[in-house]
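Let's take a walk through a protein model together, one step at a time. Have the sequence and the 3D view at hand as you read.

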Amino acid sequence: MAMITDRFSALLADFDLTALDRHASSVLAVDRALSIGYLNDGWFRFAAENGGEPAIAEHWGLGSSLWSAIPAPLQGYFANLFARAFALNPETELHPLLHHYECSSPERHRHCTLGIYSLKKGEGLLLVHSVRVERPWSSEERETVPGHGYTNQSGLTLQCSNCRRVRFDQDDRQWHYVPDWIRTSPPKTSHGLCPVCLDYYYPGSREP
């Protein structure tokens, strides 16, 4: 089910497309506007295995914008990250830029790495999403009862856009995983950044 445009067939000419198509990780390529021009089989396989199909294929296929998949609170961080990647010289840089993140499901806890490779003349980026750590949720982690202590008096829930932890309403210093809310958020959910992700993505941004 791998998909590629004619332009990206040229931009990825130095890569073995058969190997990329069969790569176990999710691999995609974007141009400078972050328009998607290549998707490997792993992109669709991961989506299908985690309840993302057919929505992923319908909303993030060839020609769609990767920006629409990035939550608003994280777009500043990723704009900076992608700008750094576009500035890399693939002839002299031996390593891709790396971004570590969490991508858990209701059944499994995952830590992943995004490797960002600059393509010829900075005309595009190759993005490789790889799972580094994966394990089932422990019984203690799954004991959290959805809704209990995580909604305010108006029924609103605050969830981190990055790690998907949910703020404990009775103590705003605590953010917890609610496994049942990882795939589908509660009906009345507001998104922001938890304190850990805020410090990671925007160091020094807190008010003294």
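Start with two neighbours in the chain: Y77 and F78 are both buried. Keep in mind as you look that this is a predicted model. A pair of aromatic rings is described by the distance of the centres and the angle of the planes. For Y77 and F78, the centres are 5.2 Å apart and the planes make an angle of 85°, which is an edge-to-face arrangement. The structure holds six aromatic pairs, and ring pairs join Y77 and F78 with W67, F82 and Y200 in a cluster.

Now step back to the helix around them. Helix 5 runs from 75 to 86 and has 12 residues. From its first C-alpha to its last it reaches 16 Å, close to the 16 Å expected at 1.5 Å a residue. Which residues of helix 5 are buried? They are Y77, F78, L81, F82, A85 and F86. Looking down the axis of helix 5, you would find these buried residues within an arc of 165°, so they line one face of the helix. Here is a general idea that helps: an α-helix has 3.6 residues a turn, so residues three or four places apart point the same way. What covers the buried residues of helix 5? The cover includes strand 2, strand 4, strand 5, strand 6 and helix 7. At F86 there is also a charged visitor: R32 lies over the face of the F86 ring, 4.4 Å from its centre.

Let's widen the view again. In soluble globular proteins, nonpolar side chains tend to be buried together. In this model, the largest nonpolar core has 37 residues, and L28, V30, F78, F82, I116, L125 and L127 are those with the most contacts inside it. Among the elements that give two or more residues to this core are strand 2 (26-31), strand 5 (108-118) and strand 6 (124-136). The largest share, six residues, comes from helix 5. A second, separate core has 10 residues, including L11, L20, A29 and Y38.

Pick V30 for a closer look. Apart from neighbours within four places in sequence, V30 is in contact with F8, S35, I36, L66, E123, G124, L125 and L127.

Next, visit some loops. L34 sits in the loop between strand 2 and strand 3. Although L34 is not a glycine, its phi is positive, about 65°. Is L34 buried or exposed? L34 is buried, with a relative accessible area of 2%.

The loop between strand 7 and strand 8 holds R164, another non-glycine residue with a positive phi, near 70°. R164 is partly exposed, at a relative accessible area of 22%. N162 is also placed in the loop between strand 7 (157-160) and strand 8 (166-167). With 14% relative accessibility, N162 counts as buried, because the cut-off for that word is under 20%. Leaving out neighbours within four places in sequence, N162 is in contact with L74, E102, L193, C197 and Y201.

Finish at R108, which lies in strand 5 and counts as partly exposed at 30% relative accessibility. Not counting residues up to four places away in sequence, R108 touches E134, R135, P136 and W137. R108 and N50 are 58 residues apart along the chain, yet 9.9 Å separates their C-alpha atoms.

Notes:
Residues are numbered from 1 along each chain as its sequence is written. This is a predicted model: local features need pLDDT of at least 70, side-chain atom pairs count only at pLDDT 80 or more; totals for chains, interfaces and linings use all residues. Side-chain values use heavy atoms; hydrogens and water are left out. A nonpolar core is a set of buried Ala, Val, Leu, Ile, Met, Phe, Trp, Tyr and Cys residues joined through side-chain atoms within 4.5 Å. Buried means under 20% relative accessible area, exposed over 50%, partly exposed in between (1.4 Å probe, protein chains only). Helices (H or I, at least four residues) and strands (E, at least two) are DSSP runs, numbered from the N terminus. Contact means heavy atoms within 4.5 Å. The expected span of a helix is 1.5 Å times one less than its number of residues. The arc is that of the directions from the helix axis to the C-beta atoms. Rings of Phe, Tyr and Trp (its six-membered ring) pair if their centres lie within 6.5 Å; planes under 30 degrees apart count as stacked, over 60 as edge-to-face and the rest as tilted. A charge sits over a ring if NZ of Lys or CZ of Arg is within 6 Å of the ring centre and within 35 degrees of the ring normal.
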